[in-house]
2 protein chains.
Amino acid sequence: MKKVSDSTVTRLSLYLRILNELNEQGLSTVSSEELARRGGTTAAQVRKDLSFFGTFGKRGLGYAVPDLLERLRAILGLGRHWRVALVGAGKIGSALFGYQDFRRQGFHIVAVFDADERKVGQWWNGLQVLPVEDLEDVLRAEGIEIVIVAVPAEAAQGVVDRVVAAGVRGILNFAPTKLDVPPEVTLKSVNMTVELEGLSYALSNGERSGGKRRGTRADRS
Amino acid sequence: MKKVSDSTVTRLSLYLRILNELNEQGLSTVSSEELARRGGTTAAQVRKDLSFFGTFGKRGLGYAVPDLLERLRAILGLGRHWRVALVGAGKIGSALFGYQDFRRQGFHIVAVFDADERKVGQWWNGLQVLPVEDLEDVLRAEGIEIVIVAVPAEAAQGVVDRVVAAGVRGILNFAPTKLDVPPEVTLKSVNMTVELEGLSYALSNGERSGGKRRGTRADRS
């Protein structure tokens, strides 16, 4: 399979959301034009994105909604449960723990860690907050595949190094800092301040940085 | 001024963070090579990103750290306070309200709204949660410039339409849904599930989607 770009994968997530809506509305087929219109992209882009993964749909008939939905879920690795740990039981960590969309998509937080002894031992919806000293042992024992890092910036690289050493290959980082991981590890970062700075740049400079037209990248969520 | 891409603006935010660190360490100059190394990009990219905004640094001498820091802050619209409202006083909203990095960069949440009458009237750090019915009136009266949307997906477009109608030109969206705004409005979306799906894709397909090498895009935060 050819190397697929991050932006293609992000669009697959978007198509998945649109297909879920169409499916709930009881629609059985959708054209690449309609998917493109709802996703703020072009029909050619939709067809190109899907072409990486095989043949979908029939010319002139469009895509069968339930079939494409199921195949996209499989491509994105969503046809299963992922065992996730959360490091950092602060405000951001707490919000992420309660974020229902994670569980809905198969991401199950099964362990929570914190360095603060006032937080360790607290019960979070049936899970006891664990001391970060136990991180490697628990990650291995629990078969954790993805770790969400929600610790202060200055602690983040240290946590990530330990997570990597414990064999975890997927990290979602919320700490506002640059992190290094070895090539075999996938790191995604969510930085809310960077997005706000993009807004203040656009507002200060009188341009719209969200994209060239309605429904472009920044609207895809 | 030429149209500046979103990715350039994101890198400016990154350079700003690096310069802040260098400044705290007492360093007075930095080369484009060193900025590039710390930011996971190339010296040519650093020079190109900065060239949109005028002349910086001297050949062979590098950039003066405090000067570049101040000019980047001005370019990003950070040399001032932004009046921000938060719509949605749930878990995500609460975490964002307490997120200190926002205030540090000049984004001040001065109004909080919710549709749930059990939340309306609560005191959040000196601010009383307001009923969402009052949204337009308060946005205008308070001179709000940026609105953070942290409501359920199905409510988000309705909130955004009202925010736009009230004249706000910058929106940061956390609802996991696609939103439409007119061209004069800048919309940025943070979608945590999409990032997790990018991880599960990479883990399922045995590739690292975070970038081609250490310190590339996904590490920039």
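Here are two short exercises with worked solutions on this predicted model.

**Exercise 1**

Find which residues of helix α8 of chain A are buried, and work out how they are arranged around the helix.

*Solution*

Step 1. Go to residues 153–165 of chain A, which form α8. The buried residues there are A156(A), V159(A), V160(A) and V163(A).

Step 2. Now look down the axis of α8(A): its buried residues fall within an arc of 105°, so they line one face of the helix.

Step 3. Recall a general rule to make sense of this pattern. An α-helix has 3.6 residues a turn, so residues three or four places apart point the same way.

Step 4. Turn to the other side of α8(A), where E154(A), G158(A) and A165(A) are exposed.

Step 5. Finally, see what covers the buried residues of α8(A): the cover includes β3 (82–87), α7 (135–141), β8 (146–149) and β9 (170–173) of chain A.

**Exercise 2**

Decide whether N125(A) is buried or exposed, then describe where it sits and what its phi is.

*Solution*

Step 1. Count the neighbours: N125(A) has 8 other C-beta atoms within 10 Å. A residue is exposed if that count is 12 or fewer, so N125(A) is exposed.

Step 2. Locate N125(A) in the chain: it lies in the loop between β5 (123–124) and β6 (127–128) of chain A.

Step 3. Check the backbone: phi of N125(A) is positive, near 50°, and this residue is not a glycine.

Step 4. Try chain B too. N125(B) sits in the loop between β5 (123–124) and β6 (127–128) of chain B, and its phi is positive, about 50°.

Note on methods: Residues are numbered from 1 along each chain as its sequence is written. Chains are lettered from A and ligands numbered from 1 in the order in which they are written. This is a predicted model: local features need pLDDT of at least 70, side-chain atom pairs count only at pLDDT 80 or more; totals for chains, interfaces and linings use all residues. Helices (H or I, at least four residues) and strands (E, at least two) are DSSP runs, numbered from the N terminus. A residue is buried if 20 or more other C-beta atoms lie within 10 Å of its own, exposed if 12 or fewer, and partly exposed in between; C-beta atoms are placed from the backbone. The arc is that of the directions from the helix axis to the C-beta atoms. Two residues are in contact if their C-beta atoms, placed from the backbone, lie within 7 Å.
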